[in-house]
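Good morning, colleagues. I shall present one model today, beginning with its pocket and ending with its cysteines.

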Amino acid sequence: MIPRLERSFGRMLQLHAQIRQHHERLSQAGFAPTGEEFEVSPPGATLAVRSDLASLRTLIDAIRQELLDLSQVGCVVKSIDSGLVDWHASLDGRDIYLCWKLGEKKVAYWHEIEAGYAGRRPVSELKASADGYASENRPGD
């Protein structure tokens, strides 16, 4: 999954940079959208503005599709800019998140649902807990 995430975040970060460029030009022209839904041919817009608005729409749609594709395989993208992804998991009957950040070579952290990134703890804690349970209940031991 990590190679796929790295490729996806690479694309989204490029798209996000392009979005900022278009938005800056549109802001200078007085046509910067205030939300994700906007008209690509507003009254009084020049050809350059309409072109930037159309490009902005395409870029936003591309990021939405990347996010949708990742969500369909269980990823919860928390931040595009920092490349932060969580996955739902369960620990002792409670919901937790496994956590990965762009640049990390493996999923090495988890956190409580409410704790967020600041509450990340090593996955090795989960493995040690599972190994202890498994060794205590393994037939033939």
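A pocket, on a 1 Å grid over the protein atoms alone, is an open set of points where a 1.4 Å probe fits, with protein on both sides within 12 Å along at least five of seven lines; lining residues have an atom within 4 Å of a point. The model is predicted, so local features need pLDDT of at least 70 and side-chain atom pairs pLDDT 80 or more, while totals for chains, interfaces and linings use all residues. Residues are numbered from 1 along each chain, and side-chain values use heavy atoms, without hydrogens or water.

Which residues line the largest pocket? They are H16, I19, H23, P33, G35, E36, L56, I60, I63, R64, L67 and I80. Helices α1 and α2 (DSSP runs of H or I, at least four residues, numbered from the N terminus) each give two or more residues to this lining, and α2 supplies the largest share, five residues.

I turn to helix α1. Its 28 residues, 2-29, should span 40 Å at 1.5 Å a residue (1.5 Å times one less than the number of residues), and its end C-alpha atoms are indeed 40 Å apart. Buried residues (under 20% relative accessible area, 1.4 Å probe, protein chains only) in α1 include F9, M12 and I19. Just after α1, G30 takes a positive phi of about 80 degrees.

Finally, the cysteines. C75 counts as buried because its relative accessibility is 4%, and C99 is buried at 0%. With a disulfide defined as a pair of cysteine sulfur atoms within 2.5 Å, the count is zero.

How values were computed:
Buried < 20%, exposed > 50% of the residue type's maximum accessible area, 1.4 Å probe, protein only.
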